[in-house]
Amino acid sequence: MKEVTRLILFAPGSEDSKARKTFEELLEGLRNELGKDGVRLAYLHSASPNLAEVAKEAADDGVARIRILPLLLTPGGPLEKEIPEQAAVVRAQVPQLTVEILPSVGAHPRMHTLLHALAREAAKS
């Protein structure tokens, strides 16, 4: 039997629904590609659901592994402290779930290329 894995998009939170809209649109697009059960969105703070909630839901759904993709551009703060701490809480609360923290989107070489291209285009305008 194949191990079921779920991707968790882990975004900075905000009480402002307009600030969350981009992440929610990303989630919907990925659900269309990966299937409704293949991906969830969690917020680091100030919004719901949080990581513990989506992890418990995953375990209840029979998911064996979650892969956390931090939707953050810069290193430090949350990547070094808050996300590992929240993942440790999940590991303690849901020990049957394997928890993997992926590199942030900001650390990906394609993100650097994209930001460079956008800045170059802005400079020419």
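These legends accompany close-up views of a predicted model.

**View 1. The open sheet and its strand order.** Here you meet an open sheet of 4 strands, paired in parallel and ordered β2-β1-β3-β4. The edge places belong to β2 (39-43) and β4 (98-101); each has a single partner strand, so one side of each is left without a neighbour in the sheet. On average, neighbouring strands are turned by 25° against each other, direction ignored. As a reminder, strands of a sheet pair through backbone hydrogen bonds, either parallel or antiparallel.

**View 2. Strands β1 and β2 side by side, with helix α1.** Strand β1 covers residues 5-11 and pairs with β2 in the parallel sense over 5 bridges. For a handy landmark, look for L7, whose bridge partner in β2 is V39. Helix α1 (residues 17-34) packs on the sheet and touches β1 and β2. The direction of α1 makes about 165° with that of β2.

**View 3. Helix α3 on the sheet.** Helix α3, made of residues 77-93, also packs on the sheet. Its contacts are with β1, β3 (65-70) and β4. Between the directions of α3 and β4 the angle is about 170°.

**View 4. The loop between β2 and α2.** Two backbone details are worth a look in this loop. P49 sits between β2 and α2 (51-60), and the peptide bond leading to P49 from S48 is cis, with omega near 5°. S46 lies in the loop between β2 and α2 as well. Although S46 is not a glycine, its phi is positive, at about 65°. With a relative accessible area of 44%, S46 is partly exposed.

Terms used: Residues numbered from 1 in each chain as written. Predicted model: local features only at pLDDT ≥ 70, side-chain atom pairs only at ≥ 80, totals over all residues. Heavy atoms only, no water. Pairing = 2+ DSSP bridges. Axes fitted to C-alpha atoms, helices over the stretch in contact; angles between N-to-C directions. Contact = heavy atoms within 4.5 Å. Buried < 20%, exposed > 50% of the residue type's maximum accessible area, 1.4 Å probe, protein only.
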